[in-house]
Amino acid sequence: MNTFLFTADSVSNGLRERDFTVDGVPGVLWSPATGADRAPLVLMGHGGGNHKKHPAMSGRARLLVHGHGFHVAVLDAPGHGDRPRTAHDEAEVAEMFRARAAGEPEGPIVVRYNDHLAKRAVPEYHALLDALQRLPEIGTDGPVGYWGINMGTAIGVPFVAGEPRITAAVFGQHWPDALAEHARRITVPVEFGLQWDDEHISREDGLALFDAFASTEKSLHVNAGKHKEFPRFEADSAARFFARHLGRSNG
């Protein structure tokens, strides 16, 4: 059995935030301040270069907690947040910055590095789900979702492909290279986002990853704009998607 420890607990504006470690990996669990017994759970993965409490993570958590009464949890990815970088992490990050400065494509480096990080992070997310389902307010009988864009997709696609407890998933903005094979094993409902004018991920690559999912229910959300212009309103759509598929809504 994995080691799960809460390390901090606070409440603000109806949102309960609990820091924890699972087998030494730091994470955060957001819940309604009251009335959250046996509520659905959404696991999230953050983007590259970010961390578990990045505003994108806490903002999405508020949508799910305040709007739908869910629990939401996210881990710091390897080499991110409160986790130290290895020599391999430092070398890959340096190579990305070198390619960027030279005007060379970053995609091949990002794909390679994210695949390396996913191999480390996927077992950690399985352990996290095991630990959270032992909590009385979550339990083993409730639905579970996964939400991750960019690097969160690189980690989430192989995680969801091998995790039968996931009910629905939101992905987006990644190359198909290391993920298409995993995507073909995913049959739960999927919502997928891409930017039509992404300067890093071609339209063809984005569509290829979407096409690879074996889900009979999957929706593609395409917006004009570059990679970092992914619209914030897509988070509202994702929250409604989880409300439909995890079966609980306060709105």
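Visitor: In which helix does Met151 lie?
Guide: Happy to start there, with the reminder that this is a predicted model. The helix in question covers residues 151–161. Met151 therefore belongs to α4.

Visitor: Is Met151 buried or exposed?
Guide: The cut-off for buried is under 20% relative accessible area. Met151 has a relative accessible area of 3%, so the Met151 residue counts as buried.

Visitor: Which residues does Met151 touch, not counting those up to four places away in sequence?
Guide: Let's go through them in sequence order. The list begins with His46, Gly47 and Gly48, and goes on to Ala77 and His80. It is completed by Asn114, Leu117 and His174.

Visitor: How far apart in space are Met151 and Glu181, C-alpha to C-alpha?
Guide: In sequence, Met151 and Glu181 are 30 residues apart. From C-alpha to C-alpha, their separation in space is 17 Å.

Visitor: Where does Gly47 lie, and is Gly47 buried or exposed?
Guide: Gly47 sits in the loop that runs between β4 (41–45) and α1 (55–68). Its relative accessibility is 13%, and the limit for buried is under 20%. Gly47 therefore counts as buried.

Visitor: Which residues does Gly47 touch, leaving out those up to four places away in sequence?
Guide: Met151 has Gly47 among the residues it touches, and the contact appears again from the Gly47 side. His80 and Ile149 are also on the Gly47 list. In full, the residues are His80, Ile149 and Met151.

Visitor: What is the nearest side chain of opposite charge to Asp198?
Guide: Asp198 is found in the loop between β8 (190–195) and α6 (203–212). Asp198 is buried yet has no salt bridge. A salt bridge needs the charged atoms within 4 Å, whereas the nearest side chain of opposite charge is 8.4 Å away. That side chain is Lys226.

Visitor: With which side chain does Asp198 make a polar contact, and at what distance?
Guide: The Asp198 side chain also reaches a backbone atom, the nitrogen of His200, at 2.8 Å. Beyond four places in sequence, Asp198 is in contact with Gln173, Gly225, Lys226 and His227. The side-chain to side-chain polar contact is with His227, at 2.6 Å.

Visitor: Which residues form a nonpolar patch on the surface with Val222?
Guide: Val222 lies in strand β9, residues 218–223. Val222 counts as partly exposed because its relative accessibility is 36%. The patch has about 280 Å² of accessible area together, and the partners of Val222 in it are Trp196, Leu207 and Leu220.

Note on methods
Residues are numbered from 1 along each chain as its sequence is written. This is a predicted model: local features need pLDDT of at least 70, side-chain atom pairs count only at pLDDT 80 or more; totals for chains, interfaces and linings use all residues. Side-chain values use heavy atoms; hydrogens and water are left out. Patches are made of residues with over 30% relative accessible area and no salt bridge: like charges are joined within 9 Å, nonpolar side chains (Val, Leu, Ile, Met, Phe, Trp, Tyr) within 5 Å. Accessible areas come from the Shrake-Rupley method with a 1.4 Å probe; for residues, only the protein chains shown count as cover. Helices (H or I, at least four residues) and strands (E, at least two) are DSSP runs, numbered from the N terminus. Buried means under 20% relative accessible area, exposed over 50%, partly exposed in between (1.4 Å probe, protein chains only). Lys and Arg count as positive and Asp and Glu as negative; His and the chain ends are not counted. A polar contact is a pair of N or O atoms within 3.5 Å; within protein, one must be able to donate a hydrogen and the other to accept it, and residues adjacent in sequence count only if both atoms are side-chain atoms. Contact means heavy atoms within 4.5 Å.
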